[in-house]
Amino acid sequence: MTEQGEPHSRRAFSPGVAVLAGFVVLVGNPWVNEELTLALSGSESAFRFANVVLSYPSWHVDVDRAGSFLFWFANLRTVVFVLLAVAGLSRVSRWVSDAAGGAGLFVATVGLTTLSAVAAGLASSVVGVALLDTRAALPYIIPGQSEEFFLSQLSSSAMFGVLFGSVLGAVVALQRRKPVNRERRTNAPKSLW
């Protein structure tokens with residue numbers, strides 16, 4: 001039995017954080033991501049959603065192979081997204097009351113993931129345009145048309161945030177539905193004798 005003042009054991013990571021970290025490490029790595037991007041690049045627009053979700057959290061380890069712009073842009077975007085999402089996902093269950101239930105937790109998680117992705121995409125775009133050499137960014141940013149690059153990053157970040165946030169929201173909402181294995185303190189009925 002647990003006493004009233006005794007703290008309950010806590011997990012190191014919430015389920016949403018674990019899914020996020022696993023996704024970024026497995027799907028975002030340069031070797032798997034390159035194969036997935038090649039497989040989906042020639043597909044019709046129906047696979048565009050899958051391509052955005054699978055290519056968004058990419059990170060690179062070789063600046064010569066990826067190019068300086070893509071190396072710094074993608075790594076910065078991934079790091080900022082993971083930091084913002086982990087900071088929010090670790091607190092989202094405290095922000096949403098129990099009365100809101102699983103639907104409120106789902107919506108909050110989708111919104112948090114989308115906001116994290118959009119902030120990371122736009123921040124890395126600003127840094128990439130402002131600090132990196134325009135010659136290295138030439139295939140991605142056409143000189144004099146950086147607003148198209150920002151709009152493209154905004155739309156792909158928002159699409160990734162909503163799609164991946166829906167998966168994270170389902171995981172977090174379903175985790176709340178599972179009963180917690182806690183021993184409840186029971187009071188013995190008073191004897192009438």
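Q: Where is V110 found in this model?
A: V110 is found in helix 7. The model is a predicted one.

Q: Is V110 buried or exposed?
A: V110 counts as buried, because its relative accessibility is 13% and the cut-off for buried is under 20%.

Q: Which residues is V110 in contact with, leaving aside neighbours within four places in sequence?
A: With those neighbours set aside, V110 is in contact with G161, V162, G165 and S166.

Q: And how are V110 and V162 placed, along the chain and in space?
A: They are 52 residues apart along the chain, and their C-alpha atoms are separated by 6.0 Å.

Q: What about T113, where is its place?
A: T113 is in helix 7, which covers residues 101–131. T113 is buried, with a relative accessible area of 1%.

Q: Which residues does T113 contact, leaving aside neighbours within four places in sequence?
A: Apart from those neighbours, T113 is in contact with F81, G161, F164, G165 and L168. G161 and G165 also appear among the contacts of V110.

Q: How far apart are T113 and G169?
A: Their C-alpha atoms are 8.9 Å apart in space, and their positions lie 56 residues apart in sequence, counted as a separation.

Q: F81 came up there. Which residues of helix 5 are buried?
A: F81 is one of them. The others listed as buried in helix 5 are F69, F71, F73, A74, N75, R77, T78, A85, G88 and L89.

Q: What span should helix 5 have, at 1.5 Å a residue?
A: Helix 5 runs over residues 68–89, and its 22 residues should span 32 Å. Its end C-alpha atoms are 31 Å apart, which agrees.

Q: Changing topic, how many residues does helix 1 have, and what does it reach from first C-alpha to last?
A: Helix 1 (residues 15–27) has 13 residues and reaches 18 Å between those two atoms, close to the 18 Å expected at 1.5 Å a residue.

Q: Which residues of helix 1 are buried?
A: The buried residues of helix 1 are G16, V17, L20, F23, V24 and V27.

Q: Where do those buried residues fall, seen down the axis of helix 1?
A: They fall within an arc of 140°, so they line one face of helix 1.

Q: What does the face turned away from the buried side carry?
A: That face of helix 1 carries the exposed residues V25 and L26. For L26, the relative accessible area is 58%.

Q: How far is L26 from S58?
A: L26 and S58 are 9.7 Å apart in space, C-alpha to C-alpha, and 32 residues apart in sequence.

Q: Where does D98 lie?
A: D98 lies in the loop between helix 6 (92–95) and helix 7. At 66% relative accessibility, D98 counts as exposed.

Q: And how far apart are D98 and R176?
A: In sequence D98 and R176 are 78 residues apart, while in space they are 9.3 Å apart, C-alpha to C-alpha.

Q: On to the surface: which residues make the nonpolar patch?
A: L122, L151 and L154 make a nonpolar surface patch of about 240 Å². L154 lies in helix 8 (residues 146–177) and counts as partly exposed, at 35% relative accessibility.

Q: How much surface does the chain expose?
A: The chain exposes about 12,300 Å², and carbon and sulfur atoms supply 63% of it. Of the 193 residues in the chain, 32% are buried.

Q: How many helices and strands does the chain have?
A: The secondary structure comes to 8 helices and 0 strands, and the pattern along the sequence is α-α-α-α-α-α-α-α.

Q: What share of the contacts with a separation of 6 or more is between residues 24 or more positions apart?
A: Such residues account for 74% of those contacts in the chain.

Key. Residues numbered from 1 in each chain as written. Predicted model: local features only at pLDDT ≥ 70, side-chain atom pairs only at ≥ 80, totals over all residues. Heavy atoms only, no water. Helix = DSSP H or I, 4+ residues; strand = E, 2+ residues; numbered from the N terminus. Expected span 1.5 Å × (residues − 1). Buried < 20%, exposed > 50% of the residue type's maximum accessible area, 1.4 Å probe, protein only. Arc of directions from axis to C-beta. Contact = heavy atoms within 4.5 Å. Areas by Shrake-Rupley, 256 points an atom, 1.4 Å probe, with all protein chains shown as cover. Patch = residues over 30% accessible without salt bridge, like charges linked within 9 Å, V, L, I, M, F, W, Y side chains within 5 Å. Salt bridge = Lys/Arg side-chain N within 4 Å of Asp/Glu carboxyl O.
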